Amino acid sequence: GNSARYFLTGPGQSIWNLAIHKNWKLGEERVFQFRWEMFNAFNRANFNNPTTNIQAGDFGLVTTAQAGRSMLFGLRFDF
């Protein structure tokens with residue numbers, strides 16, 4: 001064909017993962033930890049690449065996205 005090279009590009013992605021940890025010492029050898037982790041912290045929509053099958057009816061359309069924000073809380077006790 002005569003189309004340009006890389007003419008069908010997908011949207012960019014911006015994923016920020018953040019984590020906050022707090023440690024408390026309980027004596028000399030024991031440590032208690034609270035952990036809060038956020039994946040895609042700002043909840044930005046990250047769309048997948050468009051369909052590249054020329055014979056498909058949805059050619060060039062972006063039909064799916066990646067998962068939104070998810071958070072994880074955790075407690076840990078080291079002894």
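This is a short group-meeting talk on a predicted model of a 79-residue protein.

Okay, hi everyone. What you have on screen is a predicted model, so please keep that in mind as I go through it.

Let me start with the fold. How many helices and strands does the protein have? Zero helices and three strands. Going from the N terminus, the order of elements is just β-β-β. β1 covers 18–26, β2 takes in residues 30–39, and β3 is 70–78.

Now the overall dimensions. For 79 residues, a compact globule would come out with a radius of gyration near 12 Å, but this protein has 22 Å. If you box up the C-alpha atoms along the principal axes, you get roughly 70 × 20 × 20 Å. As for burial, 10% of the 79 residues count as buried. The accessible surface is about 6700 Å², and carbon and sulfur atoms account for 55% of that. One more global number, for those of you who like contact maps: take contacts between residues at least 6 apart in sequence, and 59% of them join residues at least 24 apart.

Right, on to the surface. There's a nonpolar patch of about 910 Å². Which residues make the patch? Trp24, Leu26, Phe34, Met71, Phe73, Leu75, Phe77 and Phe79. Both β1 and β3 put in at least two residues each, and the largest share, four residues, comes from β3. Let me pick out Met71, which sits in strand β3. Met71 counts as partly exposed because its relative accessibility is 43%, and the cut-offs for that class are 20% and 50%.

Next, the charged pairs. By the rule we use, there are two salt bridges. Let's take Arg35 and Glu37 to begin with: their closest N and O atoms are 3.7 Å apart. Are these two buried or exposed, or somewhere in between? Arg35 has 27% relative accessibility, so that one is partly exposed. Glu37 has 15%, so Glu37 is classed as buried, given that buried means under 20%.

The other bridge pairs Arg76 with Asp78, at 3.0 Å from N to O. Here both partners land in the middle class: Arg76 is partly exposed at 44%, and Asp78 is partly exposed at 30%.

Last stop is Gln33, in strand β2. Why does Gln33 count as buried? Because its relative accessible area is 12%, and the line is drawn at 20%. So what does a buried Gln side chain do with its polar atoms here? One polar contact, of 3.0 Å, goes to the side chain of Asn23. Another, at 2.8 Å, goes to the side chain of Arg35, and Arg35 is the residue we just met in the salt bridge with Glu37.

If you skip the neighbours within four places in sequence, Gln33 touches His21, Lys22, Asn23, Gly74, Leu75 and Arg76. Look at where those sit: His21, Lys22 and Asn23 have numbers inside β1 (18–26), while Gly74, Leu75 and Arg76 fall inside β3 (70–78). Two of those names came up earlier, too. Leu75 is part of the nonpolar patch, and Arg76 is in the salt bridge with Asp78.

That's the tour. Happy to take questions.

Terms used: Residues numbered from 1 in each chain as written. Predicted model: local features only at pLDDT ≥ 70, side-chain atom pairs only at ≥ 80, totals over all residues. Heavy atoms only, no water. Patch = residues over 30% accessible without salt bridge, like charges linked within 9 Å, V, L, I, M, F, W, Y side chains within 5 Å. Areas by Shrake-Rupley, 256 points an atom, 1.4 Å probe, with all protein chains shown as cover. Salt bridge = Lys/Arg side-chain N within 4 Å of Asp/Glu carboxyl O. Buried < 20%, exposed > 50% of the residue type's maximum accessible area, 1.4 Å probe, protein only. Rg over C-alpha atoms; globule rule 2.2 N^0.38 Å. Contact = heavy atoms within 4.5 Å. Polar contact = N/O pair within 3.5 Å; in protein donor to acceptor, adjacent residues only side chain to side chain.
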